[in-house]
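User: I should like a close look at one part of this structure, explained step by step for a first-year student. Please describe one helix, its surroundings and the residues on its surface.

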Amino acid sequence: MMRRLRGGFVTPTIVLATVLACGAAGAADKTKVDQATKQVEQGAKQIGQGNVGTGTKETAKGIGNTVVEGAKFSGQTIKEFFTGK
């Protein structure tokens with residue numbers, strides 16, 4: 001029962017983190033965020049092809065990179081907003 005509940009929270013959490021990281025798009029350069037998002041997509045495709053171990057590892061790295069790059073991107077966008085640049 002606990003595994004079922006835990007699994008119900010993990011997937012939405014991953015999706016939410018990805019959406020939040022990518023949803024902060026603005027005028028700054030977002031190529032690194034897009035690359036990290038593609039890394040998540042590639043990992044998910046690997047899982048779908050039966051490569052669960054490598055796919056999970058690639059997806060986890062991609063999520064981490066997406067969050068990091070999304071935070072950097074958001075910070076830059078906020079900085080540009082408040083400085084008027």
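Analyst: Lys72 has a relative accessibility of 52%, and because exposed means over 50%, this residue counts as exposed. The model is a predicted one, and every value below is computed from it. Lys72 belongs to helix H3, which covers residues 52–83. Although Lys72 and Lys30 are 42 residues apart in sequence, their C-alpha atoms are 9.7 Å apart in space.

The helix itself may be considered next. H3 has 32 residues, and at 1.5 Å a residue these should span 46 Å. The C-alpha atoms at its ends are 45 Å apart, which agrees with that expectation. After H3 comes Gly84, which has a positive phi, near 75°.

Which residues of H3 are buried? They are Gly55, Thr59, Gly62, Ile63, Thr66, Glu69, Gly70, Phe73 and Thr77. One of them, Gly62, is also touched by a residue of another helix: Gln39, which is found in helix H2, residues 31–48. Leaving aside residues up to four places away in sequence, Gln39 touches Glu58, Lys61, Gly62 and Asn65. Gln39 has a relative accessibility of 16%, and because buried means under 20%, Gln39 counts as buried.

The surface of H3 offers another view. Ile78, a residue of H3, forms a nonpolar patch on the surface together with Phe81 and Phe82. The three residues together have about 410 Å² of accessible area. How exposed is each member of the patch? Ile78 has a relative accessible area of 48% and is therefore partly exposed. Phe81 is exposed, with a relative accessible area of 64%, and Phe82 is likewise exposed, at 66% relative accessibility.

The two phenylalanines also invite a look at their rings. Rings count as a pair if their centres lie within 6.5 Å, and by this rule there is 1 aromatic pair. The ring centres of Phe81 and Phe82 are 5.0 Å apart and their planes stand at 80°, so this pair is edge-to-face. The reasoning rests on the cut-off for the angle, because planes over 60 degrees apart count as edge-to-face.

In summary, H3 has buried residues such as Gly62 and Phe73, while Lys72 is exposed. Phe81 and Phe82 take part both in the nonpolar surface patch and in the edge-to-face ring pair.

Conventions: Residues are numbered from 1 along each chain as its sequence is written. This is a predicted model: local features need pLDDT of at least 70, side-chain atom pairs count only at pLDDT 80 or more; totals for chains, interfaces and linings use all residues. Side-chain values use heavy atoms; hydrogens and water are left out. Rings of Phe, Tyr and Trp (its six-membered ring) pair if their centres lie within 6.5 Å; planes under 30 degrees apart count as stacked, over 60 as edge-to-face and the rest as tilted. Buried means under 20% relative accessible area, exposed over 50%, partly exposed in between (1.4 Å probe, protein chains only). Helices (H or I, at least four residues) and strands (E, at least two) are DSSP runs, numbered from the N terminus. Contact means heavy atoms within 4.5 Å. Patches are made of residues with over 30% relative accessible area and no salt bridge: like charges are joined within 9 Å, nonpolar side chains (Val, Leu, Ile, Met, Phe, Trp, Tyr) within 5 Å. Accessible areas come from the Shrake-Rupley method with a 1.4 Å probe; for residues, only the protein chains shown count as cover. A salt bridge is a side-chain nitrogen of Lys or Arg within 4 Å of a carboxyl oxygen of Asp or Glu. The expected span of a helix is 1.5 Å times one less than its number of residues.
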